[in-house]
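Visitor: Please show me the structure, and let us then discuss it by question and answer.

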Amino acid sequence: MKKSHLRFETEVIHTGYNSGEHQDSLVSPLYQTSTFTFANAEQGAKRFAGQEEGFIYSRLGNPTVKILENRMAVLEKGEAALAFASGMAAVSAVLFALTKTGDHILCSRGIYGCTFGFLQLLKNKYEIDHSFSLMNSMELLEKEIRTNTTCIYIETPINPTMKLVDLELVVSIANKRGIPVVVDNTFCSPYLQTPISHGCDIVIHSATKYICGHGDVIAGIAVGKKDFIEKVSKTTLKDIGGIISPFDAWLLLRGLKTLPVRMDRHCENAGKIVEFLRNSPKVLSLYFPGDSDDPEDMVIMKKQMKKPGGLVSFSIKGTKETAQAFMNHLKLIKIAVSLGDAETLIQHPATMTHAVIPREDRIKMGIEDTLLRLSVGLEAWERHY
Ligand code: LCS
(Lines give C-alpha, C1' and ligand atoms only; values in the text may rest on other atoms or scores of the structure.)
Protein backbone atom coordinates (compact mmCIF):
# COMPACT_ATOMS: atom_id res chain seq x y z
CA MET A 1 0.00 0.00 0.00
CA LYS A 2 1.35 3.42 -1.00
CA LYS A 3 2.12 5.76 1.91
CA SER A 4 -0.73 8.24 2.19
CA HIS A 5 -0.18 11.98 2.54
CA LEU A 6 -3.80 12.60 3.58
CA ARG A 7 -4.95 13.18 7.13
CA PHE A 8 -6.97 10.48 8.88
CA GLU A 9 -10.19 12.56 8.74
CA THR A 10 -9.84 12.76 4.94
CA GLU A 11 -8.76 9.15 4.46
CA VAL A 12 -11.88 7.76 6.16
CA ILE A 13 -13.93 9.47 3.43
CA HIS A 14 -11.84 9.11 0.26
CA THR A 15 -9.16 6.44 0.46
CA GLY A 16 -9.47 3.34 -1.72
CA TYR A 17 -12.29 4.70 -3.88
CA ASN A 18 -12.04 6.24 -7.33
CA SER A 19 -15.44 7.39 -8.64
CA GLY A 20 -14.11 7.32 -12.23
CA GLU A 21 -13.97 3.53 -12.01
CA HIS A 22 -17.64 3.36 -10.94
CA GLN A 23 -19.80 5.44 -13.33
CA ASP A 24 -18.77 8.61 -11.42
CA SER A 25 -20.92 7.61 -8.49
CA LEU A 26 -20.06 9.87 -5.53
CA VAL A 27 -20.67 7.11 -3.02
CA SER A 28 -19.07 3.70 -3.47
CA PRO A 29 -21.68 1.46 -5.16
CA LEU A 30 -23.08 -1.69 -3.64
CA TYR A 31 -22.13 -4.71 -5.78
CA GLN A 32 -24.79 -7.01 -4.39
CA THR A 33 -23.87 -10.00 -6.51
CA SER A 34 -22.74 -13.50 -5.70
CA THR A 35 -20.80 -14.06 -8.92
CA PHE A 36 -19.15 -12.32 -11.90
CA THR A 37 -19.47 -13.23 -15.58
CA PHE A 38 -16.50 -14.11 -17.79
CA ALA A 39 -16.28 -12.94 -21.42
CA ASN A 40 -15.35 -16.50 -22.43
CA ALA A 41 -14.14 -19.81 -21.03
CA GLU A 42 -10.48 -18.88 -21.47
CA GLN A 43 -10.90 -15.72 -19.41
CA GLY A 44 -12.57 -17.72 -16.62
CA ALA A 45 -9.68 -20.19 -16.64
CA LYS A 46 -7.12 -17.36 -16.53
CA ARG A 47 -8.83 -15.71 -13.57
CA PHE A 48 -8.92 -18.98 -11.67
CA ALA A 49 -5.24 -19.56 -12.47
CA GLY A 50 -4.38 -16.06 -11.18
CA GLN A 51 -3.08 -15.05 -14.65
CA GLU A 52 -5.61 -12.25 -15.04
CA GLU A 53 -6.90 -9.79 -12.46
CA GLY A 54 -10.64 -9.57 -11.97
CA PHE A 55 -13.47 -10.78 -9.80
CA ILE A 56 -14.70 -14.38 -9.91
CA TYR A 57 -17.16 -15.13 -7.13
CA SER A 58 -17.98 -12.99 -4.06
CA ARG A 59 -16.52 -15.49 -1.55
CA LEU A 60 -13.17 -14.85 -3.28
CA GLY A 61 -13.56 -11.08 -3.53
CA ASN A 62 -16.11 -8.37 -4.29
CA PRO A 63 -15.59 -4.74 -5.45
CA THR A 64 -17.52 -3.13 -2.55
CA VAL A 65 -15.67 -5.30 -0.04
CA LYS A 66 -12.35 -4.46 -1.75
CA ILE A 67 -12.92 -0.71 -1.26
CA LEU A 68 -13.50 -1.32 2.46
CA GLU A 69 -10.39 -3.52 2.70
CA ASN A 70 -8.19 -0.99 0.92
CA ARG A 71 -9.46 1.82 3.15
CA MET A 72 -8.96 -0.17 6.37
CA ALA A 73 -5.41 -1.15 5.33
CA VAL A 74 -4.46 2.53 4.98
CA LEU A 75 -6.22 3.61 8.19
CA GLU A 76 -4.41 0.91 10.18
CA LYS A 77 -1.03 1.69 8.50
CA GLY A 78 -0.86 -1.84 7.09
CA GLU A 79 -0.19 -3.16 3.59
CA ALA A 80 -3.44 -5.06 3.04
CA ALA A 81 -6.69 -6.00 4.78
CA LEU A 82 -9.48 -8.57 4.69
CA ALA A 83 -13.07 -8.19 5.79
CA PHE A 84 -14.98 -10.97 7.53
CA ALA A 85 -18.52 -11.91 8.57
CA SER A 86 -17.73 -11.13 12.23
CA GLY A 87 -14.91 -10.19 14.56
CA MET A 88 -14.73 -13.85 15.60
CA ALA A 89 -14.37 -14.92 11.94
CA ALA A 90 -11.34 -12.58 11.75
CA VAL A 91 -9.89 -13.83 15.06
CA SER A 92 -10.28 -17.51 14.11
CA ALA A 93 -8.99 -17.08 10.54
CA VAL A 94 -5.85 -15.27 11.77
CA LEU A 95 -5.15 -17.73 14.60
CA PHE A 96 -5.71 -20.74 12.32
CA ALA A 97 -3.26 -19.21 9.84
CA LEU A 98 -0.57 -18.67 12.51
CA THR A 99 -0.72 -21.99 14.37
CA LYS A 100 -0.58 -25.74 13.97
CA THR A 101 -0.79 -28.66 16.38
CA GLY A 102 1.90 -28.40 19.07
CA ASP A 103 2.20 -24.59 18.91
CA HIS A 104 1.58 -22.13 21.74
CA ILE A 105 -0.14 -18.72 21.80
CA LEU A 106 0.84 -16.18 24.48
CA CYS A 107 -2.11 -13.89 25.31
CA SER A 108 -2.63 -10.74 27.30
CA ARG A 109 -4.17 -11.40 30.71
CA GLY A 110 -7.71 -10.69 29.60
CA ILE A 111 -9.42 -11.28 26.27
CA TYR A 112 -12.99 -11.22 24.97
CA GLY A 113 -15.05 -14.23 26.13
CA CYS A 114 -15.55 -15.83 22.69
CA THR A 115 -11.83 -15.42 21.87
CA PHE A 116 -11.20 -17.33 25.10
CA GLY A 117 -13.72 -19.92 23.87
CA PHE A 118 -11.90 -20.23 20.54
CA LEU A 119 -8.56 -20.75 22.33
CA GLN A 120 -10.19 -23.57 24.31
CA LEU A 121 -11.35 -25.13 21.03
CA LEU A 122 -7.82 -24.90 19.57
CA LYS A 123 -6.46 -26.57 22.69
CA ASN A 124 -9.03 -29.35 23.02
CA LYS A 125 -9.32 -30.22 19.35
CA TYR A 126 -5.93 -29.40 17.83
CA GLU A 127 -3.54 -29.40 20.84
CA ILE A 128 -2.62 -25.76 20.29
CA ASP A 129 -1.81 -24.46 23.77
CA HIS A 130 -2.13 -20.95 25.20
CA SER A 131 -1.27 -19.06 28.37
CA PHE A 132 -1.90 -15.59 29.75
CA SER A 133 0.69 -12.98 30.65
CA LEU A 134 0.63 -9.54 32.25
CA MET A 135 3.27 -8.64 29.63
CA ASN A 136 4.49 -5.79 31.84
CA SER A 137 8.24 -6.49 31.89
CA MET A 138 10.98 -7.84 29.64
CA GLU A 139 11.90 -10.47 32.21
CA LEU A 140 8.34 -11.75 32.46
CA LEU A 141 7.93 -11.94 28.70
CA GLU A 142 11.30 -13.67 28.23
CA LYS A 143 10.16 -16.27 30.76
CA GLU A 144 6.67 -16.76 29.38
CA ILE A 145 7.49 -17.00 25.69
CA ARG A 146 8.05 -20.70 24.97
CA THR A 147 10.15 -22.35 22.28
CA ASN A 148 6.89 -23.33 20.55
CA THR A 149 5.23 -19.88 20.82
CA THR A 150 4.16 -18.91 17.28
CA CYS A 151 1.92 -15.99 18.09
CA ILE A 152 1.48 -13.25 20.69
CA TYR A 153 -2.14 -12.17 20.99
CA ILE A 154 -3.02 -8.88 22.69
CA GLU A 155 -6.06 -6.84 23.54
CA THR A 156 -5.25 -3.30 24.65
CA PRO A 157 -7.27 -1.83 26.30
CA ILE A 158 -8.38 -5.24 27.54
CA ASN A 159 -12.10 -6.01 27.38
CA PRO A 160 -13.59 -5.18 29.94
CA THR A 161 -10.93 -4.28 32.55
CA MET A 162 -9.39 -1.53 30.38
CA LYS A 163 -5.83 -2.54 31.39
CA LEU A 164 -3.17 -1.61 28.86
CA VAL A 165 -0.33 -3.56 27.29
CA ASP A 166 2.83 -1.74 26.23
CA LEU A 167 3.00 -2.67 22.54
CA GLU A 168 6.59 -1.47 21.97
CA LEU A 169 7.80 -3.54 24.92
CA VAL A 170 6.19 -6.70 23.54
CA VAL A 171 7.39 -5.98 20.00
CA SER A 172 11.00 -5.50 21.18
CA ILE A 173 11.08 -9.11 22.40
CA ALA A 174 8.81 -10.68 19.78
CA ASN A 175 10.90 -9.24 16.93
CA LYS A 176 14.10 -10.81 18.29
CA ARG A 177 12.37 -14.18 18.31
CA GLY A 178 10.52 -13.71 15.02
CA ILE A 179 7.10 -14.16 16.64
CA PRO A 180 4.20 -12.25 15.06
CA VAL A 181 2.30 -9.89 17.36
CA VAL A 182 -1.48 -9.74 16.80
CA VAL A 183 -3.46 -6.87 18.35
CA ASP A 184 -7.22 -6.74 18.69
CA ASN A 185 -7.78 -3.01 18.18
CA THR A 186 -11.58 -3.09 18.58
CA PHE A 187 -11.68 -0.81 21.64
CA CYS A 188 -9.66 1.98 20.01
CA SER A 189 -10.38 1.94 16.29
CA PRO A 190 -7.50 3.23 14.15
CA TYR A 191 -8.43 6.79 15.15
CA LEU A 192 -7.08 6.24 18.67
CA GLN A 193 -4.38 3.62 18.15
CA THR A 194 -2.50 2.07 15.23
CA PRO A 195 -0.55 -0.94 16.57
CA ILE A 196 1.25 -1.56 13.24
CA SER A 197 2.97 1.83 13.59
CA HIS A 198 4.39 0.51 16.90
CA GLY A 199 5.85 -2.54 15.15
CA CYS A 200 2.98 -5.02 15.62
CA ASP A 201 2.30 -7.36 12.71
CA ILE A 202 -1.43 -7.92 12.52
CA VAL A 203 -4.45 -5.91 13.64
CA ILE A 204 -7.89 -7.40 14.17
CA HIS A 205 -11.21 -5.64 14.61
CA SER A 206 -14.66 -6.53 15.59
CA ALA A 207 -15.90 -4.01 13.00
CA THR A 208 -19.32 -4.51 14.59
CA LYS A 209 -18.25 -1.82 17.05
CA TYR A 210 -16.70 1.61 16.34
CA ILE A 211 -15.93 0.91 12.65
CA CYS A 212 -19.65 0.45 12.01
CA GLY A 213 -20.75 2.80 14.77
CA HIS A 214 -24.49 2.37 14.27
CA GLY A 215 -25.26 -1.01 15.82
CA ASP A 216 -26.58 -2.56 12.61
CA VAL A 217 -23.77 -4.79 11.31
CA ILE A 218 -21.74 -7.77 12.57
CA ALA A 219 -18.34 -7.78 10.84
CA GLY A 220 -14.60 -8.25 11.27
CA ILE A 221 -11.37 -6.95 9.76
CA ALA A 222 -7.78 -8.19 9.71
CA VAL A 223 -4.88 -5.97 8.57
CA GLY A 224 -1.25 -6.91 8.04
CA LYS A 225 1.55 -7.48 5.54
CA LYS A 226 0.47 -8.26 1.96
CA ASP A 227 1.92 -11.80 2.00
CA PHE A 228 0.19 -12.74 5.24
CA ILE A 229 -3.18 -11.27 4.21
CA GLU A 230 -2.96 -13.07 0.86
CA LYS A 231 -2.25 -16.32 2.68
CA VAL A 232 -5.30 -15.84 4.93
CA SER A 233 -7.41 -14.88 1.93
CA LYS A 234 -6.48 -18.02 0.02
CA THR A 235 -6.78 -20.39 2.97
CA THR A 236 -8.72 -19.63 6.11
CA LEU A 237 -11.02 -17.05 4.51
CA LYS A 238 -11.66 -18.77 1.16
CA ASP A 239 -11.98 -22.29 2.47
CA ILE A 240 -13.67 -21.70 5.82
CA GLY A 241 -15.77 -19.02 4.21
CA GLY A 242 -16.52 -16.41 6.89
CA ILE A 243 -16.85 -13.59 4.36
CA ILE A 244 -18.65 -10.29 4.85
CA SER A 245 -21.74 -9.56 2.72
CA PRO A 246 -21.35 -6.70 0.21
CA PHE A 247 -24.21 -4.82 1.90
CA ASP A 248 -22.52 -4.99 5.30
CA ALA A 249 -19.25 -3.79 3.72
CA TRP A 250 -21.19 -0.89 2.19
CA LEU A 251 -22.65 0.01 5.59
CA LEU A 252 -19.17 -0.07 7.14
CA LEU A 253 -17.88 2.29 4.43
CA ARG A 254 -20.71 4.65 5.33
CA GLY A 255 -20.01 4.35 9.07
CA LEU A 256 -16.27 4.89 8.61
CA LYS A 257 -16.77 8.37 7.17
CA THR A 258 -17.82 9.72 10.56
CA LEU A 259 -15.41 7.65 12.68
CA PRO A 260 -13.20 10.59 13.85
CA VAL A 261 -16.20 12.79 14.63
CA ARG A 262 -17.94 10.00 16.54
CA MET A 263 -14.79 8.96 18.42
CA ASP A 264 -14.15 12.51 19.65
CA ARG A 265 -17.69 12.66 20.99
CA HIS A 266 -17.51 9.16 22.57
CA CYS A 267 -14.27 10.21 24.28
CA GLU A 268 -15.64 13.54 25.51
CA ASN A 269 -18.76 11.89 26.94
CA ALA A 270 -16.71 9.09 28.56
CA GLY A 271 -14.51 11.71 30.25
CA LYS A 272 -17.63 13.32 31.78
CA ILE A 273 -18.92 9.95 33.02
CA VAL A 274 -15.53 9.15 34.56
CA GLU A 275 -15.59 12.45 36.46
CA PHE A 276 -19.09 11.64 37.72
CA LEU A 277 -18.25 8.06 38.75
CA ARG A 278 -15.01 9.09 40.46
CA ASN A 279 -17.04 11.20 42.90
CA SER A 280 -19.75 8.63 43.52
CA PRO A 281 -19.74 6.96 46.97
CA LYS A 282 -21.35 3.87 45.37
CA VAL A 283 -18.37 3.15 43.13
CA LEU A 284 -15.64 0.91 44.52
CA SER A 285 -13.18 1.17 41.65
CA LEU A 286 -12.98 2.74 38.25
CA TYR A 287 -11.28 1.29 35.16
CA PHE A 288 -10.41 3.75 32.41
CA PRO A 289 -7.20 3.90 30.36
CA GLY A 290 -4.61 6.04 32.09
CA ASP A 291 -6.77 6.30 35.21
CA SER A 292 -5.74 3.20 37.16
CA ASP A 293 -3.64 2.94 40.34
CA ASP A 294 -0.78 1.85 38.13
CA PRO A 295 1.22 4.95 37.04
CA GLU A 296 2.67 2.87 34.18
CA ASP A 297 -0.77 2.84 32.57
CA MET A 298 -0.69 6.60 32.00
CA VAL A 299 2.76 6.32 30.40
CA ILE A 300 1.54 3.54 28.07
CA MET A 301 -1.66 5.44 27.27
CA LYS A 302 0.26 8.55 26.24
CA LYS A 303 2.74 6.50 24.20
CA GLN A 304 0.28 4.57 22.06
CA MET A 305 -3.20 6.08 22.31
CA LYS A 306 -4.49 9.43 21.10
CA LYS A 307 -7.22 9.53 23.81
CA PRO A 308 -8.48 7.07 26.47
CA GLY A 309 -11.56 6.03 24.43
CA GLY A 310 -15.29 5.65 24.96
CA LEU A 311 -15.48 2.65 27.30
CA VAL A 312 -15.62 2.93 31.07
CA SER A 313 -15.77 0.02 33.51
CA PHE A 314 -16.42 0.28 37.23
CA SER A 315 -17.20 -1.98 40.11
CA ILE A 316 -19.98 -1.10 42.41
CA LYS A 317 -19.96 -1.55 46.20
CA GLY A 318 -21.99 -4.60 47.16
CA THR A 319 -22.67 -7.88 45.38
CA LYS A 320 -23.56 -9.18 41.93
CA GLU A 321 -27.20 -8.48 42.80
CA THR A 322 -26.35 -4.84 43.68
CA ALA A 323 -24.75 -4.46 40.24
CA GLN A 324 -27.78 -6.01 38.55
CA ALA A 325 -30.19 -3.82 40.54
CA PHE A 326 -28.20 -0.75 39.46
CA MET A 327 -28.55 -1.76 35.80
CA ASN A 328 -32.28 -2.34 36.23
CA HIS A 329 -32.74 1.19 37.61
CA LEU A 330 -31.21 2.94 34.59
CA LYS A 331 -33.68 4.81 32.40
CA LEU A 332 -32.02 5.92 29.16
CA ILE A 333 -28.99 3.62 29.16
CA LYS A 334 -29.81 0.30 27.48
CA ILE A 335 -28.81 -3.05 28.93
CA ALA A 336 -27.06 -4.72 26.00
CA VAL A 337 -23.73 -6.25 25.00
CA SER A 338 -21.75 -4.81 22.06
CA LEU A 339 -20.16 -1.37 22.13
CA GLY A 340 -19.29 1.62 20.01
CA ASP A 341 -22.88 2.47 19.10
CA ALA A 342 -24.65 5.84 19.23
CA GLU A 343 -26.68 4.56 22.20
CA THR A 344 -25.01 4.25 25.62
CA LEU A 345 -24.98 0.57 26.59
CA ILE A 346 -24.27 -1.17 29.86
CA GLN A 347 -23.50 -4.84 30.42
CA HIS A 348 -22.42 -7.16 33.23
CA PRO A 349 -19.29 -9.01 31.97
CA ALA A 350 -19.35 -11.80 34.61
CA THR A 351 -22.77 -13.01 33.43
CA MET A 352 -22.68 -11.74 29.84
CA THR A 353 -19.64 -11.17 27.54
CA HIS A 354 -17.19 -13.09 29.76
CA ALA A 355 -19.58 -15.65 31.27
CA VAL A 356 -17.96 -18.50 29.30
CA ILE A 357 -14.68 -17.98 31.16
CA PRO A 358 -14.50 -20.14 34.31
CA ARG A 359 -14.86 -17.99 37.45
CA GLU A 360 -11.32 -18.65 38.68
CA ASP A 361 -9.79 -17.45 35.37
CA ARG A 362 -12.23 -14.56 35.22
CA ILE A 363 -11.17 -13.30 38.67
CA LYS A 364 -7.49 -13.56 37.65
CA MET A 365 -8.37 -11.31 34.71
CA GLY A 366 -9.90 -8.79 37.15
CA ILE A 367 -13.53 -9.45 36.19
CA GLU A 368 -15.32 -9.31 39.54
CA ASP A 369 -19.02 -10.06 39.93
CA THR A 370 -19.64 -6.38 40.69
CA LEU A 371 -17.92 -5.09 37.54
CA LEU A 372 -20.03 -3.21 34.99
CA ARG A 373 -18.97 -2.00 31.55
CA LEU A 374 -20.39 1.12 29.94
CA SER A 375 -20.06 1.83 26.25
CA VAL A 376 -20.58 5.57 26.29
CA GLY A 377 -22.73 6.74 23.39
CA LEU A 378 -23.18 9.99 21.53
CA GLU A 379 -26.05 11.46 23.55
CA ALA A 380 -25.84 14.88 25.24
CA TRP A 381 -24.15 14.35 28.60
CA GLU A 382 -25.97 17.23 30.28
CA ARG A 383 -29.69 17.41 30.98
CA HIS A 384 -31.84 20.12 29.44
CA TYR A 385 -33.66 21.83 32.29
N1 LCS B 1 -12.75 -8.78 19.92
C2 LCS B 1 -13.23 -7.98 20.89
C3 LCS B 1 -12.29 -7.14 21.71
C4 LCS B 1 -14.61 -7.94 21.13
O5 LCS B 1 -15.05 -7.11 22.09
C6 LCS B 1 -15.47 -8.75 20.35
C7 LCS B 1 -16.94 -8.76 20.59
C8 LCS B 1 -14.92 -9.57 19.37
C9 LCS B 1 -13.56 -9.56 19.18
C10 LCS B 1 -15.79 -10.45 18.49
O11 LCS B 1 -16.43 -9.68 17.54
P12 LCS B 1 -17.85 -10.03 16.86
O13 LCS B 1 -17.70 -11.41 16.30
O14 LCS B 1 -18.88 -9.97 17.92
O15 LCS B 1 -17.99 -9.00 15.81
N16 LCS B 1 -17.29 -8.11 21.76
C17 LCS B 1 -18.49 -7.98 22.28
C18 LCS B 1 -18.70 -7.31 23.49
O19 LCS B 1 -17.84 -6.86 24.23
N20 LCS B 1 -19.99 -7.25 23.70
O21 LCS B 1 -20.70 -7.93 22.74
C22 LCS B 1 -19.78 -8.44 21.76
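Visitor: Where does the ligand lie with respect to domain 1 and domain 2, and why?

Guide: This is a predicted model, in which local features need pLDDT of at least 70 and side-chain atom pairs count only at pLDDT 80 or more, while totals for chains, interfaces and linings use all residues. Residues are numbered from 1 along each chain as its sequence is written, and side-chain values use heavy atoms, with hydrogens and water left out. The domain bounds come from an automatic or database domain assignment. Domain 1 (8-256) and domain 2 (260-375) both give residues to the shell around the ligand, so the ligand lies between them.

Visitor: How many residues surround the ligand, and which are the closest?

Guide: A residue is counted if one of its heavy atoms lies within 4 Å of the ligand. By class, the shell has five nonpolar, eight polar and four charged residues; nonpolar covers Ala, Val, Leu, Ile, Met, Phe, Trp, Tyr, Cys and Pro, charged covers Asp, Glu, Lys and Arg, and the others, Gly among them, are polar. The shell holds 17 residues, and the closest are Asp 184, Ser 206, Thr 208, Lys 209 and Arg 373.

Visitor: What percentage of the ligand's exposed area does the protein bury?

Guide: Polar contacts here are pairs of N or O atoms within 3.5 Å. Ligand oxygen atoms lie 2.9 Å from a polar backbone atom of Gly 87, 2.8 Å from a polar backbone atom of Ser 338 and 3.0 Å from a polar side-chain atom of Asn 159. Taken alone, the ligand exposes 480 Å², by the Shrake-Rupley method with a 1.4 Å probe. Of that area, the protein buries 92%.

Visitor: Which peptide bonds in the loop between E4 and H7 are cis?

Guide: Pro 157 is placed in the loop between strand E4 (149-155) and helix H7 (167-177), and Pro 160 is in that loop as well; helices (H or I, at least four residues) and strands (E, at least two) are DSSP runs numbered from the N terminus. Omega is about -5° for the bond joining Thr 156 and Pro 157 and near 0° for the bond from Asn 159 to Pro 160. The cis bonds are therefore Thr 156 to Pro 157 and Asn 159 to Pro 160.

Visitor: Which strands stand at the edges of the open sheet of five strands?

Guide: The strand order is E8-E9-E12-E11-E10, with mixed pairing; two strands pair if DSSP finds at least two bridges between them. E8 runs antiparallel to E9 (residues 311-316), joined by four bridges, and Val 283 has Ile 316 as its bridge partner in E9. Each edge strand has a single partner strand, so one side of each is left without a neighbour in the sheet: these are E8 (283-287) and E10 (334-335).

Terms used:
A polar contact is a pair of N or O atoms within 3.5 Å; within protein, one must be able to donate a hydrogen and the other to accept it, and residues adjacent in sequence count only if both atoms are side-chain atoms.
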